[in-house]
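Grab a pencil and work through these exercises with the model open beside you. Try each task on your own before you read its solution.

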Amino acid sequence: MVWMTLSGCRASTSTPKPRFVRRIVSEGFDIGVVGSGYVGLATGTCLAHLGHRVTCIDKDVRLVSRLGEGHIPFYEPGLEKLMAKNADRLHFTTELTSVTREADVVFIAVDTPQGEDGAADLSNVAAVARSIGQALSEANRERPLVVVNKSTVPVGSGAYISMLIQDGLEEAGNGEEADFLVVSNPEFLREGSAVYDSLFPDRVVVGADSREAVDVMRILYKPIIEQSFPTELDPKPKVAVPFVTTDLVSAEMIKYAANAFLATKISFINEVSNVCELAGADVADVAYGIGLDERIGSRFLSAGLGWGGSCFPKDVAALRAVAREYEHETPLLDATVAVNDRQRKRVILKLQQELHTLKGKRIALLRLSFKPKTDDLRGAPSLEIARDLDRRGGRIVCYDPVAGGRKAMGSATDFLKVVFDPYEALREAHAAVIVTEWEEFRELDWERVASLMQKPPLLVDGRNALNPERVRAAGIRYRGFGRGEGQSAFDSGEARVANLSYRNLERD
Ligand code: NAD
C-alpha cells in the first residue's frame, strides 16, 4: 500500500512528523471543508466545536454570504446555534486556493447526484480534486496535505481523486514538491439530527492507504473518539466511539452497503406489511415482535409509503451501477427498489379503493419533506405522489411550513398548492395522506379535522404514525399500511400504540 506523491511513493508506514503532531495536538488543526451544504456545514461546524480552525468553502456565492452573516438557508435543528457559538473558529469563503495552501486537512463534501444511468455523478468531486491539485502546486508545504473525501462516491473514487489532484498539479506545472494523502471518511449523519450525529456518531470510518493519514485522522477525531469535547448533554449519549480503519475502497463500500442495507430493511418490512394486509395481521405488532430480536433490531422496521431522500435512492442506484460495471446482477437490491416503487403506488390504490375516482377530489398531503425535521425535498415521495394524483385529476393541497417555501419545489407548485396550516389543508378535503411522520400529527384535533373534511372523511396514514383507534373514534376512515382492519387481541390500549407510533416517528 502506498500514498500518492509526485516525487514518488513513500512507504505506507510513515508517521506524522513529531513537530507537526505537537502542534496539532496542542493548537488544533487548520481545516478546509469544500461544499457547505448539509454535510459540509455540519462537519465544519462540529470540527470548529472540537477546537479546530475551520474554513468552509462553497462555489455558491449567495450561500457563502448568508453563512458569513450567521444564517443557514436550510432547516437543520441546532446547527445555526452551534455555528454562532464557534463563530471565532469558523469562516466562510468561495476561495479554495488559499485555504488549501494553509490547511492541514481539506474535506470534500460536495454533492454527488445520481447520473442518468444511476451511477453517481462525480463531476463536482472531480472539479474540487483538480482545484486542490492546482492550489497545491504553488504551496510551499512542510507536510503532506490530507485530502479527506466525505462525499458518497463509488468504490475506487479515492484513487480517482488522487489521480485528479495529480492532474491539477501537473496542469499548474509546478507540482514536484507537493505531497498529499487521500482518505475516505464516509458520512453517516441524518438530516434533522446532523449535529447530534456528527458529535455522537455510531462509528468513525477512515479508509486510507497510508498510516500517516490514519494517524492524522485519529488525532483530528480524538475528541469524538474519546467523547472529550464540551457538551451541554448530561449524561453524554456515548462513552467512546469506535474508530474503524480500512483501506480506501472498503471505506467507500461501507457507506453504500450501510445505506443499501437500511433501504432493504424498510423494503423488507413493506413486503411483509403487504402480506399482513391480505392475511389480517398487524405489521406494527409484527415489527415490534421481530425487532426485539437483537439480531434484527427494532429500527427501520416501519411499514409505509417507503424510503426517499437525497441519499437512499441515489446510493442504492449507485451500488447497482457499480455492480453493473462488473456485469454482476443485484437481484436483492433490484427488489428493494421495486418494492419501494410499489409502496408509492399503494397510496394511490388506497385512495382509489375508498374514493373510486380521484378526478376532482381534493387531497391533502400532510408534509412534503422526505423525513421529519428537515426541509429537504430531494427524492421526496410527496412530490412523486402529488404528480401522480395530479395526472389522475386530483386537486392537491400540501401542508408544510418548513419545506413548503423551498425553491427546490420548482415546477411542483404548478400542480399543488402549499399552505402553512394543517387545518387549512384539510378543509373540504376528500382525503388526507400523512406523507412524513412529524410529531405534530399525533396532536391534531381529529374531531376538528373530521368536521372540516368532506364526508365521509378518509385518512391514509402513509407512515403508520397514528393510533388508528384514535382517528376512527373521531369518525374518520383510517387506512394504514399492513395494519389490517381489526385490532390485535393483545392490544393493551393507548400506551402501547403510542409506543409503537413513537418508534415509527423515530424512523430515519
Ligand atoms: P448539498 O447539496 O447540501 O451540498 C453540497 C454543496 O457543495 C453545495 O452547497 C454546492 O454548492 C457545493 N459544491 C458543489 N460543487 C462545488 C465545487 N466545485 N466547489 C465548491 N462547492 C461546491 O449536499 P449534501 O447533502 O451536503 O451531500 C454532500 C455529500 O454527502 C453527497 O455525496 C451526499 O451523498 C453525502 N451525504 C449526504 C447526507 C445527507 O443527509 N445530506 C448524509 C451522508 C452523506
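A residue counts as buried when its relative accessible area is under 20%, as exposed when that area is over 50%, and as partly exposed in between. Keep in mind that you're looking at a predicted model.

**Exercise 1: Two cysteines**

Task: Sort cysteine 276 and cysteine 311 into buried, exposed or partly exposed, and find out how many disulfides there are.

Solution:
- Step 1. Cysteine 276 has a relative accessibility of 6%, so it goes in the buried group.
- Step 2. Cysteine 311 comes out at 30%, so this one is partly exposed.
- Step 3. A disulfide is a covalent bond between the sulfur atoms of two cysteines. For the count, the two sulfurs have to be within 2.5 Å.
- Step 4. Look for a partner for cysteine 311: the closest cysteine sulfur belongs to cysteine 46 and is 17 Å away, which is too far for a bond.
- Step 5. The final count by this rule is 0 disulfides.

**Exercise 2: Helix α11 and its neighbours**

Task: Describe how α11 packs with α14, then do the job again for α11 and α12.

Solution:
- Step 1. Start with what you need: two packed helices are described by the angle between their axes and the distance between the axes.
- Step 2. Helix α11 covers residues 248–279 and α14 covers residues 331–355; their axes are 9 Å apart and the packing angle is about 50°. So α11 is oblique to α14.
- Step 3. The crossing of α11 and α14 is left-handed.
- Step 4. On the α11 side, the contact residues include Ala260, Ser267, Asn270 and Glu277, and on the α14 side they include Leu332, Val339, Gln343 and Lys350. Sorted by class, this contact of α11 with α14 has 5 nonpolar, 8 polar and 5 charged residues.
- Step 5. Now for α11 and α12: their axes come within 9 Å and cross at roughly 135°. That makes α11 oblique to α12.
- Step 6. The crossing of α11 and α12 is right-handed.
- Step 7. Phe268, Ile269, Val272, Ser273 and Cys276 of α11 make this contact with Val283, Val286, Ala287 and Ile290 of α12. The class tally for α11 with α12 is 8 nonpolar, 1 polar and no charged residues.

**Exercise 3: The other partner of α14**

Task: Work out how α14 and α15 cross and which residues meet there.

Solution:
- Step 1. The axes of α14 and α15 come within 10 Å and cross at roughly 45°. So α14 is oblique to α15.
- Step 2. The crossing of α14 and α15 is right-handed.
- Step 3. From α14 come Arg344, Val347, Ile348 and Leu351; they meet Pro381, Glu384, Ile385, Asp388 and Leu389 of α15.
- Step 4. In the contact of α14 with α15, that gives 6 nonpolar, no polar and 3 charged residues.

**Exercise 4: A glutamine in α14**

Task: Is glutamine 343 buried or exposed, and which residues does it touch?

Solution:
- Step 1. Find glutamine 343 in helix α14.
- Step 2. Its relative accessibility is 0%, so glutamine 343 is buried.
- Step 3. Leaving out residues up to four places away in sequence, glutamine 343 touches Asn270, Ser273, Asn274, Gly304, Leu305, Gly306 and Phe481.
- Step 4. Now try a pair: glutamine 343 and alanine 403 are 60 residues apart in sequence, and their C-alpha atoms are 23 Å apart.

**Exercise 5: Backbone oddities**

Task: Find where phenylalanine 300 and arginine 367 lie, then locate the cis peptide bonds before proline 235 and proline 456.

Solution:
- Step 1. Phenylalanine 300 isn't a glycine, yet its phi is positive, at about 60°. Look for it in the loop between α12 and α13. With a relative accessible area of 8%, phenylalanine 300 is buried.
- Step 2. Arginine 367 isn't a glycine either, and its phi is about 80°. It lies in the loop between β11 and α15, and at 4% relative accessible area arginine 367 is buried.
- Step 3. The bond from aspartate 234 to proline 235 is cis, with omega near 0°. Proline 235 sits in the loop between α10 and β10.
- Step 4. Lysine 455 and proline 456 are joined by a cis peptide bond with omega about -10°. Proline 456 is in the loop between α17 and β15.

Technical notes:
Residues are numbered from 1 along each chain as its sequence is written. This is a predicted model: local features need pLDDT of at least 70, side-chain atom pairs count only at pLDDT 80 or more; totals for chains, interfaces and linings use all residues. Side-chain values use heavy atoms; hydrogens and water are left out. Axes are lines fitted to C-alpha atoms, for helices over the stretch in contact, and angles run from 0 to 180 degrees between N-to-C directions. Helices (H or I, at least four residues) and strands (E, at least two) are DSSP runs, numbered from the N terminus. Angles under 35 degrees count as roughly parallel, over 145 as roughly antiparallel, 65 to 115 as roughly perpendicular and the rest as oblique. A crossing is left-handed if the near helix is turned anticlockwise from the far one by less than a right angle, and right-handed if clockwise. Contact means heavy atoms within 4.5 Å. Ala, Val, Leu, Ile, Met, Phe, Trp, Tyr, Cys and Pro count as nonpolar, Asp, Glu, Lys and Arg as charged, and the others, Gly among them, as polar. Buried means under 20% relative accessible area, exposed over 50%, partly exposed in between (1.4 Å probe, protein chains only).
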